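Here are my notes on this entry, set out point by point. Please keep the structure open while reading them.

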Amino acid sequence: MKTIKTIAVSFAAFAAIAAHAETVKIKVDGMVCAFCAGAIEKKMKANKETAEVFVSLENKIVAVAQKPGQKLDDAKLKAQIADAGYEVKGIERVSATIKDIREEVKAKKS
Ligand SMILES: [Cu+2]
């Protein structure tokens, strides 16, 4: 019985880490200046499931990290970006953190 409990606890901990590591990476067309980036960032931050947002104009990326145990809805994010006047070219879930994506973009520039 004790073993089963330990396994259950370990699995829960793993699930929490996995959920935390999930970032929604969105390819967005139509962002041309810092104002566009700021507007999208503000919109994404307004979602209660959002932990952190990173926008790269050069790479046309909007990355949104979820709060642990919470899940952002892809369709909702797409609709929000479309409503703001931008076009979603793709949306994917990645294990990279916002920090990882920020560093990846920085590395591309240099
Ligand atoms: Cu703009």
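1. Read from the N terminus, the elements follow the order α-β-α-β-β-α-β-α. That amounts to four helices and four strands. Keep in mind throughout that this is a predicted model.

2. Of the 110 residues in the protein, 16% count as buried. Among contacts with a separation of 6 or more, 66% join residues 24 or more positions apart.

3. Which residues have the most contacts inside the largest nonpolar core? They are Ile26, Val28, Ile40, Val62, Val64, Leu77 and Ile81, in a core of 16 residues. Five elements should be checked here, since each gives two or more residues to this core: the strands β1 (23-29), β2 (50-56) and β3 (61-66), and the helices α2 (34-45) and α3 (74-83). The largest share, four residues, is from β3.

4. Val64 is a useful residue to look at within this core. Leaving aside residues up to four places away in sequence, Val64 touches Thr23, Val24, Met44, Thr50, Val53, Leu72 and Leu77. One of these, Leu77, is also listed among the core residues with the most contacts.

5. Is helix α4 largely buried or in the open? None of the 12 residues of α4 is buried, so this helix lies largely in the open. A residue would need 20 or more other C-beta atoms within 10 Å of its own to count as buried.

6. The length of α4 (residues 98-109) can be checked as well. At 1.5 Å a residue, its 12 residues should span 16 Å, and the C-alpha atoms at its ends are 17 Å apart, which agrees.

How values were computed:
Residues are numbered from 1 along each chain as its sequence is written. This is a predicted model: local features need pLDDT of at least 70, side-chain atom pairs count only at pLDDT 80 or more; totals for chains, interfaces and linings use all residues. The expected span of a helix is 1.5 Å times one less than its number of residues. A nonpolar core is a set of buried Ala, Val, Leu, Ile, Met, Phe, Trp, Tyr and Cys residues joined through C-beta atoms within 7 Å. Two residues are in contact if their C-beta atoms, placed from the backbone, lie within 7 Å.
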